[in-house]
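Colleague: Could you take me through one part of this model in detail? I would enjoy a close look at a helix and what packs against it.

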Amino acid sequence: MTSVVLDTPVRVGLLRWRLQGGDLIVYALNILVAALFLLPWIIAITISLLPETALKTYPPTIFAWPPDFGSYVRLLTVDDGRFLGYLRTSAIVAGCTAISVVLVSGMAGYALSKIKFAGRELFFVLILGTLMFPFTTVLIPLFSIMSQLKLVNNPASLVILYTVVQAPFCTFLFRNSFSAVPDAVRESALVDGANEWQVLLRVMIPLALPALATVLIYSFYQSWNEFTIALIFLTDDQTTTVPIGLVNLTTSGRFASHPNMQMAGAVMSFLPILVLFLLFQRFFVSGIISGSTKG
């Protein structure tokens, strides 16, 4: 039996072909997984663009050309623009919550990472320990407290509760991001005459922009999509948020026989989160990595 000895260029070519073949498999799997995640939204968008006549045909149709935006127009004008009120309430609650979470968790993360005081590590462990308890176990006493403060049916109650729920995890992200900054940077700023507030705002925050963007997107997303707390503390349909409003419009009979309007509401409720993520995607990914691995 004779053996064939391949020249070096041939061996390199075969190795490169194998690596490229492996990359193709990985890319194909990624495309398949992405398609599975995108398929529900593609179906929702196509159904939202169907005219009313196409919804009653058999066999069912999920695509029509030209697209009909009538469902979006009716959604925004039904009941004197009630859905616009849902969007406005959700935007106010999510925006105010994101700002308050950044302020609270940013200050807490800076103190826990750079300022030495007795019981610092224990305090940090206790903050993380709150993530282990389900928030639903304290909803009844919280509802009683908010009732006494006259904050039921007030979006301010959601801002307070969402801040309490989200602050521990965001403090963890900020603390780890600030810990990655050398102590010499802070000490140099203090030597130059800066106080702790100036160090935080002018030195640490600019160096932790990925963490800041991550907290903003995370807080806004969680507040925008939250359902249970909004259902309990906003019982008035005029002041509720988008997730509760869509359910109310569907169960009340407005959208029950109009799946295109239901899908239009789902698409419109998703667009703000998509735009926000696309704007800060680069910071979000790097912020998640740095906030979860450095400390």
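Modeller: Happy to; here is a walk along one helix and its partner.

This is a predicted model, so local features need pLDDT of at least 70 and side-chain atom pairs count only at pLDDT 80 or more, while totals for chains, interfaces and linings use all residues. Residues are numbered from 1 along each chain as its sequence is written, and side-chain values use heavy atoms, with hydrogens and water left out.

Let us start with helix H10, residues 209–225. Helices here are DSSP runs (H or I, at least four residues), numbered from the N terminus. The 17 residues of H10 should span 24 Å at 1.5 Å a residue, and its end C-alpha atoms are indeed 24 Å apart; the expected span is 1.5 Å times one less than the number of residues. Its buried residues (under 20% relative accessible area, 1.4 Å probe, protein chains only) include Leu 212, Val 215, Ile 217, Phe 220 and Trp 224.

Now the partner: the axes of helix H7 (residues 155–179) and H10 come within 10 Å and cross at roughly 160°. That makes the two helices roughly antiparallel (angles over 145 degrees, taken between N-to-C directions of lines fitted to C-alpha atoms over the stretch in contact, and running from 0 to 180 degrees). Contact means heavy atoms within 4.5 Å; among the residues making it are Phe 169, Cys 170 and Leu 173 of H7, and Leu 212, Val 215 and Ser 219 of H10. Of these, Cys 170 is buried, at 0% relative accessibility.

Note on methods
Buried means under 20% relative accessible area, exposed over 50%, partly exposed in between (1.4 Å probe, protein chains only). Angles under 35 degrees count as roughly parallel, over 145 as roughly antiparallel, 65 to 115 as roughly perpendicular and the rest as oblique.
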